[in-house]
Amino acid sequence: MYAEENQTSFGARLYWTALNEKLTVVAVRNELANQAGQVSRVSVDYNWSDSVEVGLLWADYGSNRNSIFYNFRNNDILQIHLRYNFQI
């Protein structure tokens, strides 16, 4: 195992809606135990109609040089999506 003892980390989450819950913003921040790194994520989704949704997602990974997660520090993403639902 990576850790020889129990360790504590923390996370925070922010959830916000507007425009009669058509717009949703979610932000999450996690600090890994023993200052091994951090993960941040922000997503924005807009329900255009009952069947169409557009959104944006950004995730950021960070790490200290002496962490086992250092090799993954540049795996950040930016994603745009369009979702269409239909019923027959």
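Let me start with one residue in this predicted model: glutamate 21, at 57% relative accessibility, counts as exposed, because the cut-off for exposed is over 50%. Glutamate 21 is found in the loop between strand 1 and strand 2. Its phi is near 65°, a positive value in a residue other than glycine.

The neighbour in sequence, asparagine 20, lies in that loop between strand 1 and strand 2 as well. Asparagine 20 is not a glycine either, and has a positive phi of about 60°. At 77% relative accessibility, asparagine 20 counts as exposed. There is also leucine 19, in the turn of the hairpin that strand 1 and strand 2 form, with a positive phi of about 55°. That hairpin has four residues between its strands.

Now the chain as a whole. What does the secondary structure come to? Zero helices and five strands. Along the sequence the pattern reads β-β-β-β-β. The radius of gyration is 17 Å, and the globule rule gives 12 Å for 88 residues, so the chain is more spread out than a compact globule. Along the principal axes, the C-alpha atoms fill a box of roughly 55 × 25 × 20 Å.

Some totals for the chain. Buried residues make up 20% of the 88 residues. The accessible surface comes to about 7,300 Å², and 52% of that belongs to carbon and sulfur atoms. Take the contacts between residues at least 6 apart in sequence: 29% of these join residues at least 24 apart.

On to the sheet. In what order do the five strands stand? The order is 1-2-3-4-5, in an open sheet with antiparallel pairing. Strand 1, residues 10-18, and strand 5, residues 77-84, stand at the edges. Each of these two has a single partner strand, so one side of each is left without a neighbour in the sheet. The twist from one strand to the next averages 10°.

I will go through the pairs in sequence order. Strand 1 and strand 2 are antiparallel and pair over nine bridges. In this pair, phenylalanine 10 stands opposite glutamate 31 in strand 2.

Strand 2 and strand 3 also run antiparallel, joined by nine bridges. Threonine 24 has aspartate 45 in strand 3 as its bridge partner. The hairpin of strand 2 and strand 3 has five residues between the strands, and asparagine 34 in that hairpin takes a positive phi near 60°.

How many bridges pair strand 3 with strand 4? Eleven, between residues 37-47 and residues 52-63, again in the antiparallel sense. Here valine 39 stands opposite tyrosine 61 in strand 4.

Two residues of strand 4 deserve a slide each. The first slide is glutamate 53, which lies in strand 4. Is glutamate 53 buried or exposed? At 16% relative accessibility it counts as buried, since the cut-off for buried is under 20%. Its side chain makes a polar contact with the side chain of histidine 81, at 3.4 Å. Leaving out residues up to four places away in sequence, glutamate 53 touches Asp45, Tyr46, Asn47, Trp48, His81, Leu82 and Arg83.

The second slide is aspartate 60, also in strand 4. Aspartate 60 has 23% relative accessibility and therefore counts as partly exposed. With residues up to four places away in sequence again set aside, aspartate 60 touches Gln38, Val39, Ser40 and Asp76. Which C-alpha atom is separated from that of aspartate 60 by 6.8 Å? That of isoleucine 77, 17 residues apart from aspartate 60 along the chain.

Last, the loop between strand 4 and strand 5, where serine 67 lies. Serine 67 is buried, with a relative accessible area of 9%. The side chain of serine 67 reaches the backbone nitrogen of phenylalanine 69 at 3.0 Å.

To recap the two loops I have shown: glutamate 21, between strand 1 and strand 2, is exposed, whereas serine 67, between strand 4 and strand 5, is buried. That is what I have on this model.

Terms used:
Residues are numbered from 1 along each chain as its sequence is written. This is a predicted model: local features need pLDDT of at least 70, side-chain atom pairs count only at pLDDT 80 or more; totals for chains, interfaces and linings use all residues. Side-chain values use heavy atoms; hydrogens and water are left out. Two strands pair if DSSP finds at least two bridges between them. Axes are lines fitted to C-alpha atoms, for helices over the stretch in contact, and angles run from 0 to 180 degrees between N-to-C directions. Buried means under 20% relative accessible area, exposed over 50%, partly exposed in between (1.4 Å probe, protein chains only). A polar contact is a pair of N or O atoms within 3.5 Å; within protein, one must be able to donate a hydrogen and the other to accept it, and residues adjacent in sequence count only if both atoms are side-chain atoms. Contact means heavy atoms within 4.5 Å. The radius of gyration is taken over C-alpha atoms; the globule rule is 2.2 Å times the number of residues to the power 0.38. Accessible areas come from the Shrake-Rupley method with a 1.4 Å probe; for residues, only the protein chains shown count as cover.
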